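This report introduces a structure to a reader who has not met it before. Please consult the sequence and the structure shown here before reading on.

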Amino acid sequence: MSSNKYKILVIEDESNILSFINTILDANNYRVITAKSCNEGKMMFSSHLPDLVMLDLGLPDADGLQFIKYAREFSTVPIIVLSARTEESDKVSALDLGANDYITKPFGTDELLARVRATLRNSRYSADSGVLSGGKFVLHDLIIDYDKRLVTVSGNNIKLTQTEYNIVAYLSAHSGKVLTYQSIIKAIWGASDIGSIKKLQVNMANIRKKIGAVPGENKYIINELGVGYRMCEENS
Amino acid sequence: MKKIIKDSVFAFLILITAFGINMFIKKIFGIDSLIPMIFVLGIFIISLKTDGYITGIVSSVISVFAVNYAFTFPYYAFDLISPECVVSVIVMLIIAVTTSAMTTKIKAQKKAYAESEKEKMRANLLRGISHDLRTPLTSICGSTSAIIENYDILTKDQQIKLLQEIREDSQWLTRMVENLLSVTRIDSQKVRVIKTPTVLEELIDAVMLKFHKRYPQQNVIVNIPEDFISIPMDPLLIEQVIINLLENAIFHAKGMTRLSLDVKTKDDMAIFEISDDGCGIPKDRMDNLFGGYFERVDAPTDSTRNNMGIGLSVCASIIKAHGGEINAENIKEGGVLFRFSLEMEK
């Protein structure tokens with residue numbers, strides 16, 4: 001077995017769920033380390049230095065959010081939160097605390113693996129280079145040319161305003177990851193006020209119209225209701 | 001505390017009114033004989049409408065003083081030792097106490113009745129759920145043991161078929177639990193739902209994405225306004241409503257060839273319509289379509305999955321919690337139209 005597999009730390013107290021995640025990840029060539037409590041998770045985290053953490057929010061000894069706070073003090077290792085449907089507000093706080101993504105339980109294997117891949121790829125990107133340093137982003141027939149600040153769909157030039165382009169570029173730089181309303185607002189306008197979310201929603205509506213999105217067949221940007229937006233992953 | 005102040009103000013107003021009426025009668029007609037009667041009526045009303053005994057008792061003492069002071073000889077002076085006064089105090093007190101006792105008892109009974117109704121509903125719900133959960137659980141348990149115990153005998157195709165059934169059953173269980181969670185979310189928050197401004201287009205997009213994932217074969221004709229429409233809502237709950245209604249058509253609209261989702265605006269309301277051209281809903285089910293699950297007395301004896309019951313009941317309670325309305329009607333040309341409305345952002 002090669003030793004350069006990605007190391008994934010899974011912190012989850014339900015042993016059945018743990019075993020199922022373990023099996024899938026192992027079958028897909030990841031090395032899995034498990035922990036069943038927040039404290040054990042912290043210990044494993046500092047001794048094994050994993051490439052990715054999957055974290056259940058409802059742990060027996062402490063809130064999963066505590067782990068994120070702890071880890072973010074000294075590490076930028078990507079964290080994917082496993083959340084139940086009843087923990088919606090926690091989901092947003094987890095993202096705002098520095099978690100990279102979340103998966104809502106119950107989830108399928110495809111979804112789990114896709115998120116793991118996207119998150120690992122994203123963290124690799126931002127570790128290597130400045131995200132907007134140039135080059136192109138390709139997603140189906142949508143192409144973003146960062147140098148020319150140009151967006152095309154099937155070769156047609158899409159006329160976006162400055163703000164609209166900034167939003168699309170920001171989302172694409174973090175493709176595959178959910179960005180909360182607050183984080184987008186902070187990145188685009190700096191400060192946020194009461195009308196900010198509305199402003200963002202109106203801009204998003206214009207972007208959708210310009211790139212010709214049809215409800216239910218949105219190929220580029222996914223709406224995470226009540227949380228934020230996610231740009232689909234780039235074609236590989 | 002608030003209730004005490006409210007009761008006191010109420011009693012005070014009634015007493016003032018009684019006093020006023022008496023002054024009026026005395027001035028115009030010059031009769032004294034009606035005066036105690038008017039006050040007795042006042043005391044009766046006060047005891048009937050207020051909580052506990054105190055207000056009634058205090059009011060009767062006050063009215064005795066009032067009668068004694070203003071309407072009996074010597075006028076505008078107290079004469080508390082006359083037998084008339086003592087007797088009227090006793091009579092008024094008896095009226096106040098018995099009326100209050102009666103009202104208190106009735107209120108307690110009403111509360112007990114409401115409690116038992118709620119209890120009955122909860123018991124029905126529990127019975128219904130347990131029954132509905134048992135079927136898929138039995139099949140999951142059976143299929144998994146079949147695979148584990150006959151691993152070497154079963155062909156790969158057979159195993160995959162069993163596993164697919166397990167997956168379907170567990171997906172069904174997930175939806176059931178999602179619905180139940182929605183109900184508890186509404187019940188536990190007496191302050192109604194937490195509404196956030198949600199863009200209609202984003203809502204419909206999320207709904208359709210989820211729906212297509214579950215039913216890739218089913219086409220839905222979507223028609224929504226072009227404008228930017230923002231509606232205050234709990235988006236996850238409304239998402240659940242639309243998915244339940246679409247799912248309902250898939251499960252129950254036999255012979256359906258068209259399923260559509262339309263949203264229109266009228267004044268400050270957004271009107272959502274989910275319609276199909278299936279078999280329609282029988283008249284006798286129409287009356288109790290949205291409350292059926294909570295009120296059915298006996299668990300059904302057939303083993304078909306009664307998802308319709310709980311799905312529609314959940315829809316109704318979600319829309320009600322949003323302050324909107326939901327209804328269903330059979331379309332003349334065939335099929336059913338479900339319609340619900342929500343207030344838009346001003």
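Helices and strands are here DSSP runs, with at least four residues for a helix and at least two for a strand, numbered from the N terminus. The structure is a predicted model. In chain B, the secondary structure amounts to 10 helices and seven strands.

The overall form of chain B can be described by its extent. Its radius of gyration is 32 Å, whereas a compact globule of 346 residues would have a value near 20 Å. Along the principal axes, the C-alpha atoms of chain B occupy a box of roughly 105 × 55 × 35 Å.

Chain B is divided into three domains, with the bounds listed below.

| Domain of chain B | Residues |
|---|---|
| Domain 1 | 2-111 |
| Domain 2 | 117-188 |
| Domain 3 | 196-343 |

Taken over C-alpha atoms, the centres of domain 1 of chain B and domain 3 of chain B are separated by 56 Å.

Of the 346 residues in chain B, 27% are buried. Among the contacts in chain B with a separation of 6 or more, 70% are made by residues 24 or more positions apart.

Chain B also meets chain A: 23 residues of chain B are in contact with 15 residues of chain A. On the side of chain A that touches chain B, helix α8 (residues 196-210) of chain A supplies the largest share, with five residues. By residue type, that side of chain A divides into five nonpolar, six polar and four charged residues.

Key
Residues numbered from 1 in each chain as written. Chains lettered and ligands numbered in written order. Predicted model: local features only at pLDDT ≥ 70, side-chain atom pairs only at ≥ 80, totals over all residues. Rg over C-alpha atoms; globule rule 2.2 N^0.38 Å. Buried ≥ 20, exposed ≤ 12 C-beta atoms within 10 Å, placed from the backbone. Contact = placed C-beta atoms within 7 Å. Domains from an automatic or database assignment. Nonpolar A, V, L, I, M, F, W, Y, C, P; charged D, E, K, R; others polar.
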